[in-house]
Amino acid sequence: MRFAPVAAALSLFLVTTSSVTSALESEPDTRAAMLVAEGRAALEAGDTQAAIDAFEAALAVDPAYTPIFIDLAEAARRDGLQGKAITYYREALARDPGNFAAIAGEGEALVEKGALEKAERNLARLESLCGINCPETRALQARIAAGPPARLAVETGEDGASAN
């Protein structure tokens, strides 16, 4: 009888955890899944606008399917729209706070914007959630180590050589 309260609390925790986990892992609508596959193929082919169009159509069909936001964010990053990508990653995180891909993706987009300190916070969060050997953690570590991309003088507003 000494362990009855502990056992009851543990069983309640396990039931709650399993019900929340199953609620988060919903299957997409079949039309949305087809549009996501089409968008991923377009993204692999380098056609970011077609990918974004397909992902947005999938989101219209199934707005509850969180992975679409991660796909949209990846397409936005490849299109050079890191701010928009961060917004998509944050929407995915609002829906699923433990989504490793969203945490890592947001961190990589932050590095691309030059916000290394914020990206390191994402890295610390990933390390605490999935460890240092997690693929997402290693990818973000490598991206932070590489630093922000070099920018053209036109993008940074620096004066270059004078034109004739």
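## The nonpolar core

In this predicted model, the largest nonpolar core contains 35 residues, and among these Phe55, Ala58, Ile68, Leu72, Tyr89, Ala102 and Ile144 touch the most other members. At least two residues of this core come from each of H2, helix H3 (48-61), H4, H5, H6, helix H7 (116-130) and helix H8 (135-146). The element that gives the most to this core is H4, which supplies seven residues.

Isoleucine 68, one of the core residues named above, can be followed a step further through its own contacts. When residues up to four places away in sequence are not counted, isoleucine 68 touches Val36, Phe55, Ala58, Leu59 and Asp62. Of these contact partners, Phe55 and Ala58 also appear among the core residues that touch the most other members.

## The chain as a whole

The secondary structure of the chain consists of nine helices and zero strands, so that, read from the N terminus on, its elements run α-α-α-α-α-α-α-α-α. The chain has 164 residues, of which 34% count as buried. Its accessible surface comes to about 10000 Å², and carbon and sulfur atoms account for 58% of that surface.

Contacts can also be sorted by how far apart the partners are in sequence. Among contacts in the chain with a separation of 6 or more, 48% are made by residues 24 or more positions apart.

## Salt bridges between helices

The chain has a count of 11 salt bridges, and three of them are described here in turn. In one of these bridges, the side chains of glutamate 44 and arginine 78 meet at 4.0 Å, N to O. This pair links distant parts of the chain, with glutamate 44 in helix H2 (residues 30-44) and arginine 78 in helix H4 (residues 67-78), 34 residues apart. Glutamate 44 counts as exposed because its relative accessibility is 64%, over the 50% cut-off, whereas arginine 78, at 44% relative accessibility, counts as partly exposed.

A salt bridge also joins the side chains of glutamate 112 and arginine 77, at 2.7 Å, N to O. Because glutamate 112 lies in helix H6 (residues 100-113) and arginine 77 in helix H4, this pair ties together parts that are 35 residues apart in sequence. Both glutamate 112 and arginine 77 are buried. The side chains of arginine 90 and glutamate 106 likewise meet in a salt bridge, at 2.5 Å, N to O. Here the linked parts are 16 residues apart, with arginine 90 in helix H5 (residues 82-95) and glutamate 106 in helix H6. Arginine 90 is partly exposed, with a relative accessible area of 44%, while glutamate 106 is buried, with a relative accessible area of 5%.

Some of the bridges share partners, and in this way Glu44, Glu74, Arg77, Arg78, Glu108, Glu112 and Arg143 are joined into one network.

## The aromatic pair

The structure holds one aromatic pair. The ring centres of phenylalanine 69 and tyrosine 88 are 6.5 Å apart and the ring planes stand at 45°, so the pair counts as tilted. Since phenylalanine 69 lies in helix H4 and tyrosine 88 in helix H5, the pair ties together parts that are 19 residues apart in sequence. Phenylalanine 69 and tyrosine 88 are both buried.

## The disulfide

A disulfide is a covalent bond between the sulfur atoms of two cysteines. The structure holds one disulfide, which joins cysteine 130 to cysteine 134 with an S to S distance of 2.5 Å. The link of cysteine 130 and cysteine 134 is left-handed, with -95° about the S-S bond. The two cysteines fall into separate classes of exposure, for cysteine 130 counts as partly exposed at 24% relative accessibility, whereas cysteine 134 is buried, with a relative accessible area of 9%.

## A position in helix H2

Alanine 37 is found in helix H2, and with a relative accessible area of 46% it is partly exposed. Alanine 37 and alanine 51 are 14 residues apart along the chain, and their C-alpha atoms are separated by 9.4 Å.

Methods:
Residues numbered from 1 in each chain as written. Predicted model: local features only at pLDDT ≥ 70, side-chain atom pairs only at ≥ 80, totals over all residues. Heavy atoms only, no water. Helix = DSSP H or I, 4+ residues; strand = E, 2+ residues; numbered from the N terminus. Buried < 20%, exposed > 50% of the residue type's maximum accessible area, 1.4 Å probe, protein only. Contact = heavy atoms within 4.5 Å. Areas by Shrake-Rupley, 256 points an atom, 1.4 Å probe, with all protein chains shown as cover. Phe/Tyr/Trp six-rings, centres within 6.5 Å; stacked < 30°, edge-to-face > 60°. Disulfide = S-S within 2.5 Å. Core = buried A, V, L, I, M, F, W, Y, C linked by side-chain atoms within 4.5 Å.
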